[in-house]
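This briefing introduces one protein structure to a reader who has not met it before. Please look over the sequence and the structure, then read the notes by topic.

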Amino acid sequence: MIRNLSTDKSEGSLIAGCMKNDPLAQRQMYEWLSPRMFAVCFRYIGEKEAARDVLHDGFITLFSKIGSYKGDGSFEGWARRIFITAALMHLRKKDILRHTEQLEEFRGEVAYDQGTIDKLDAQVLMKIISQMPAGFRTVFNMFAIEGYSHQEIAKELEISFFFCKTM
């Protein structure tokens with residue numbers, strides 16, 4: 001698996017190869033991006049098999065739209081947006097947000113100690129996020145991890161701004 005592009009091809013030459021539909025470049029692109037993009041898909045979807053399907057859909061979109069990448073900003077950031085959009089489309093198809101529990105059902109006092117929070121590692125955090133109801137998980141990911149504003153989230157998810165702020 002290619003984790004560091006400098007050992008084989010530069011990012012620019014890999015992108016150029018994918019623009020020419022070069023199967024080797026596409027495979028290398030997949031090997032380079034798939035671990036990180038799978039993590040993105042899984043954070044939104046919460047199920048491994050469905051996240052793999054979304055990852056696959058994201059790569060199909062990435063390879064078909066790679067010609068529109070203009071080199072402004074990081075390629076990985078551009079690609080990440082494609083995978084987030086693929087995950088959101090998957091959630092929309094399943095109408096996830098309409099079946100989200102009311103926020104009041106999840107409010108309450110949570111007991112914790114600072115030592116436990118300090119020891120949270122990425123795997124534990126990912127497990128906690130994956131156990132959130134789908135609608136809350138989606139808004140959480142978009143706000144806390146991706147940096148979307150509440151208004152941007154509401155627009156992307158086609159929900160009211162009020163609903164988004166209460167999550």
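A surface patch is made of residues with over 30% relative accessible area and no salt bridge, and nonpolar side chains are joined into a patch within 5 Å. In this predicted model, Val124, Leu125 and Ile128 make a nonpolar surface patch of about 230 Å². The points below take up that patch and then the chain around it.

**Surface patch**
- Leu125, one of the patch residues, belongs to helix α6, which covers residues 122–130.
- Leu125 counts as partly exposed because its relative accessibility is 40%, and partly exposed stands for values between the 20% limit for buried and the 50% limit for exposed.

**Overall build**
- The protein chain has 9 helices and 0 strands.
- Read from the N terminus, its elements follow the order α-α-α-α-α-α-α-α-α.
- The protein chain has 167 residues, of which 37% count as buried.
- About 10400 Å² of the protein chain is exposed, with carbon and sulfur atoms supplying 53% of that area.
- Taking contacts between residues at least 6 apart in sequence, 62% join residues at least 24 apart.

**Aromatic side chains**
- There are 8 aromatic pairs in the structure.
- Tyr69 and Trp78 form a tilted aromatic pair, with 5.4 Å from centre to centre and 55° between the planes.
- The label "tilted" applies because the angle of 55° falls between the 30 and 60 degree limits for stacked and edge-to-face pairs.
- Tyr69 has a relative accessible area of 12% and is therefore buried.
- One aromatic cluster consists of Tyr30, Phe59, Phe63 and Phe83.

**Backbone at Asn21**
- Most residues other than glycine have a negative phi.
- Asn21 is not a glycine, yet its phi is positive, at about 60°.
- Asn21 sits in the loop between α1 (11–19) and α2 (23–45).

**Confidence of the prediction**
- The protein chain has a mean pLDDT of 80, and 75% of its residues reach 70 or more.
- Among the elements, helix α3 (residues 48–65) has the highest mean pLDDT, 97, and helix α9 (residues 161–166) the lowest, 50.
- Residues 163–167 have a pLDDT below 50, and this stretch has 13 contacts in the model beyond near neighbours in sequence.
- Over residues 106–111 the pLDDT stays under 50, and the model has 4 contacts for them beyond four places in sequence.

Methods
Residues are numbered from 1 along each chain as its sequence is written. Side-chain values use heavy atoms; hydrogens and water are left out. Patches are made of residues with over 30% relative accessible area and no salt bridge: like charges are joined within 9 Å, nonpolar side chains (Val, Leu, Ile, Met, Phe, Trp, Tyr) within 5 Å. Accessible areas come from the Shrake-Rupley method with a 1.4 Å probe; for residues, only the protein chains shown count as cover. A salt bridge is a side-chain nitrogen of Lys or Arg within 4 Å of a carboxyl oxygen of Asp or Glu. Helices (H or I, at least four residues) and strands (E, at least two) are DSSP runs, numbered from the N terminus. Buried means under 20% relative accessible area, exposed over 50%, partly exposed in between (1.4 Å probe, protein chains only). Contact means heavy atoms within 4.5 Å. Rings of Phe, Tyr and Trp (its six-membered ring) pair if their centres lie within 6.5 Å; planes under 30 degrees apart count as stacked, over 60 as edge-to-face and the rest as tilted. pLDDT is the predictor's confidence in each residue, from 0 to 100.
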